[in-house]
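Dear colleague,

Please find below the sequence and the structure that I am handing over to you. My account of what was found follows directly after them.

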Amino acid sequence: RVELVLDDGSVVRIGPDTRFVLQDYNYSTDGNRNTNVNIGAGSMTMRVTRLTQDSQFNVSTVTAVAGVRGTFFYVNFDENTDDVGIAVYSGAVAVESDTGSGEPVMVNGGYATVVYGGTEVEQPFPIPSKISWLDE
C-alpha cells in the first residue's frame, strides 16, 4: 500500500496489487492544476482538495473516466472484467463510460456507481458498507 500526498494537499491511497500511471500532474502557485491518473488494475482512494475553475482532476480506466472536483472518493478497476466501481464519500464525481453514448452521470456524496465492462454508467445507489477508505 502506498499513500501519495500531492503539492496541493490532495491525498491518493493506492491499494495492494494496483497498477496506475500518474499521466499528468501540473500544479502552479496560482492554484490551477491538471492531474490525470490512469488505473490499470486495483483500487485507489482519493481525497482531492477543492479545484479552481480552470483545474481538472481525472481518473480513467479503459472503460470509464471520472472527473473530480474537491472530492473524497474510491475507485476500483477489475482488469479481468473491465468493471469499474466508484464510491463518493463527499463532493461529486462525473462518471462517463467509454461508450460515449450518453451524458456523464453525476455521483454525489454517499452514493456509488458501477460501469460493467464498458457499458453505460449504472444509476447511483447508496454506498455499500463494505467499501472503505482502504483501512482494512
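In the lining of the largest cavity, strand β4 gives the most, with 3 residues. Please bear in mind throughout that this is a predicted model.

**The cavities**

A search of the whole structure finds 2 cavities of 30 Å³ or more. As general background, rolling a probe the size of a water molecule over the atoms shows where empty space is left. The largest cavity has a volume of about 50 Å³. Its lining is made up of Leu4, Leu6, Val12, Phe20, Leu22, Thr35, Val37, Met44 and Phe57. Two strands, β3 (19-27) and β4 (33-47), each supply at least two residues of that lining. Sorted by class, the lining of the largest cavity holds 8 nonpolar residues, 1 polar residue and no charged residues.

The second largest cavity contains about 30 Å³ of space. Around the second largest cavity you will find Val59, Ser60, Thr61, Ala64, Val65, Ala66, Val75, Val84 and Ile86. The elements that give two or more residues to this lining are β5 (56-60), β6 (64-78) and β7. Of these, β6 provides the largest share, 4 residues. The lining of the second largest cavity divides into 7 nonpolar and 2 polar residues, with no charged ones.

**The nonpolar core**

In soluble globular proteins, nonpolar side chains tend to be buried together. In this model, the largest nonpolar core has 26 residues, and those that touch the most other members are Met46, Phe57, Val59, Phe73, Val75 and Ile86. Strands β2, β4, β5, β6, β7 and β8 each give two or more residues to this core. The most come from β6, with 6 residues. Some of these names will already be familiar to you: Phe57 also lines the largest cavity, while Val59, Val75 and Ile86 also line the second largest cavity.

**The strands β7, β8 and β9**

Strand β7 (residues 83-97) runs antiparallel to β8, and 4 bridges join the two. Two bridge partners can be followed in the model: Ala92 is paired with Asn108 in β8, and Val95 is paired with Val105 in β8. Strand β7 also pairs with strand β9 (residues 111-115), again in the antiparallel sense, over 5 bridges. There, Val84 stands opposite Val115 in β9. Val84 is also one of the residues that line the second largest cavity.

Which side chains of β8 are buried, and which are not? In a regular strand the side chains alternate between the two faces of the sheet. Strand β8 (residues 105-108) shows such an alternation: Val105 and Val107 point to one face and are buried, whereas Met106 and Asn108 point to the other face and are not buried. The two bridge partners named above therefore fall on opposite faces of β8, with Val105 on the buried side and Asn108 on the other.

**The salt bridges**

The structure holds 2 salt bridges. One is formed by the side chains of Glu3 and Arg13, with a distance of 2.6 Å from N to O. This pair links distant parts of the chain, since Glu3 belongs to strand β1 (residues 2-5) and Arg13 to strand β2 (residues 11-14), 10 residues apart. Glu3 is partly exposed, with a relative accessible area of 43%.

The other salt bridge joins the side chains of Glu79 and Arg19, at 2.9 Å from N to O. Here too the pair links distant parts of the chain: Glu79 is in the loop between β6 and β7, and Arg19 is in strand β3, 60 residues apart. From C-alpha to C-alpha, Glu79 and Arg19 are 10.0 Å apart in space. Glu79 has a relative accessible area of 39% and is therefore partly exposed. Arg19 is likewise partly exposed, at 46%.

**A loop residue**

Is Asp7 buried or exposed? With a relative accessible area of 61%, Asp7 is exposed, because the cut-off for that class is over 50%. Asp7 is found in the loop between β1 and β2. The C-alpha atoms of Asp7 and Thr29 are separated by 9.9 Å, and the two residues are 22 residues apart along the chain.

I suggest viewing each of these features in the model as you read.

With kind regards

Note on methods:
Residues numbered from 1 in each chain as written. Predicted model: local features only at pLDDT ≥ 70, side-chain atom pairs only at ≥ 80, totals over all residues. Heavy atoms only, no water. Buried < 20%, exposed > 50% of the residue type's maximum accessible area, 1.4 Å probe, protein only. Pairing = 2+ DSSP bridges. 1 Å grid on protein atoms, 1.4 Å probe; cavity = no way out; pocket = protein on both sides within 12 Å on 5 of 7 lines; lining within 4 Å. Points joined across faces, edges and corners; volume = space filled by probe spheres on them. Nonpolar A, V, L, I, M, F, W, Y, C, P; charged D, E, K, R; others polar. Salt bridge = Lys/Arg side-chain N within 4 Å of Asp/Glu carboxyl O. Core = buried A, V, L, I, M, F, W, Y, C linked by side-chain atoms within 4.5 Å.
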